[in-house]
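Hi,

Here is the structure I said I would pass on. Could you have a look at it, and then read my notes on the pockets and cavities below?

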Amino acid sequence: MNALIRVSSEISNGQIILNVDCDMYSNSSCSVRDALCFFMDEEKGHQIAFVQFPQNFLNVTKNDIYSSSLRAISEVEFHGLDGYGGPLYVGTGCFHRRETLCGRKFSNDSRIEWRRDNDNTNEESANELEERLKGLASCGFEQNTLWGNEMGLKYGCPVEDVITGLSIQCLGWKSVYYNPERKGFVGIAPTTLEQTLVQHKRWSEGDLQILLSKYSPASYGFGRISPALIMAYSTYCLWALNSLPTLFYSFLPSLYLLRGISLFPKVSSPWFLPFAYVIIAKYAYSLVEFLWSGGTALGWWNDQRIWLYKRTTSYLFALTDTITGLLGFSETNFIVTSKVSDPDVARRYDQEIMEFRSPFPMFIILATLAVLNLICFVWAAATAVISGGGVGEVCETMALQILLCGALVVVNWPLYMALFFRKDNGRLPASVKAKSLYFAFLVCICSFFVLV
């Protein structure tokens, strides 16, 4: 990207730069005109650094099995950020003002000269121009320069787009989010669960690195951008840390249910009401928001599943890698998300059948948690039926744990199918099945000696 900025400055030196991923293309002939309308606005156009379009995908299934469209972010959150200085730069589908990518600070005189004379009177052939620009495009050109630090996209972070957008906004510029009815740019979404989890691992790891760097929104953005925008950036930067409480609730209440120990208030207790209110309000609002954004009820359920999978694997691995990197035990690797799939995988994706065929380490965690919750739920149900107290007493004392464990069992249904029933190539490998069963039973057995 930085090389393209330098090379283009010697060819056209256009004042507006369009940035799209290599797997995305323009879907609307009006995108350029629409973006220019913001830059050319007589009152506020001089404040705009970039116009961000949503990241849309052509191949998303009807019920968005891997939650690739990120509806809550693209249809709700980014629109809200528009009122506090603008959205994040997401690395694609974005029109930039060239001077902002070159590190220029905002001033009220920062107005684009749309009409200017062409001072380039040198006549040179295409071959001569190519030879001259090779030096600008080389990696060695940036040594001992401001490129990658104060000019162009920032280096040293897996989410160079987010940290670059934050730096631009902290120089006084604003951004605009434009989400037209006809999608401006579309690309290819991941077609396997492994691709999805790897992608979110890179995003969350990069966001956490921003939080722990000198560009932390809480410190670097203080006094430079609005408090609401600081909170928004911080929300995304805390993705990886959210893995810990989610992992905690994914297995510990179920293990206490297995042991017959109540962690939450009884149904008859007044303290049960706050828990009930939070659960009902949170998920009712989430469902309404998702449907309002154009999704389906089944799509919302898939979104909840991927939300759980991301937090217990992608975010957890991102947190671990960031900590080991800070301690000097590992280095950050930029992993490009593969978008290539064979016909067999593509067919299952179109049928909305989840893909598990890889012996991916994250799948071991997902399968272990799924088996553990199934064991706990079945054991608790059997104990309630067999015991003299009856089902009513168990539901009275441990209703919330039963609800949580039962929800985890239901949301993991595709995983159980891949573990025990599916015969196609998309099922979980035998090695993953064996390891997950071993770890799940081991944890359940140990809980009888550890939990009191």
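First, the residue classes I use: Ala, Val, Leu, Ile, Met, Phe, Trp, Tyr, Cys and Pro count as nonpolar, Asp, Glu, Lys and Arg as charged, and the others, Gly among them, as polar. This is a predicted model, so local features need pLDDT of at least 70 and side-chain atom pairs count only at pLDDT 80 or more, while totals for chains, interfaces and linings use all residues. Numbering runs from 1 along each chain as its sequence is written, and side-chain values use heavy atoms, with hydrogens and water left out.

On to the pockets (open sets of points on a 1 Å grid over the protein atoms alone, with protein on both sides within 12 Å along at least five of seven lines; lining residues have an atom within 4 Å of a point). Volumes are the space filled by probe spheres set on the points, which are joined across faces, edges and corners. The largest pocket comes out at about 1,100 Å³. It has 41 lining residues, and D21, V90, G91, D161 and R202 are the closest to its centre. By class, that lining has 23 nonpolar, ten polar and eight charged residues. Among helices (DSSP runs of H or I, at least four residues, numbered from the N terminus), α7 gives the most to this lining, with four residues.

The second largest pocket holds about 910 Å³. Of its 22 lining residues, Y249, I279, Y283, W307 and L404 are the closest to the centre. Two or more residues each come from α10 (243-259), α11 (272-292), α12 (297-326) and α15 (390-411). The split here is 17 nonpolar, three polar and two charged.

α12 deserves a look of its own. Its 30 residues reach 42 Å from first C-alpha to last, close to the 44 Å expected at 1.5 Å a residue (the expected span is 1.5 Å times one less than the number of residues). There is a bend of about 40 degrees at K310, taken as the angle between axes fitted to the seven residues ending there and the seven starting there. Just after α12, G328 has a positive phi of about 85 degrees.

What about cavities (sets of points where a 1.4 Å probe fits but cannot get out)? The whole structure has two of 30 Å³ or more. The largest, about 60 Å³, takes four lining residues from α14 and has no charged residues in its lining. The second largest is about 40 Å³, with F57, H200 and W203 among its lining residues.

Cheers
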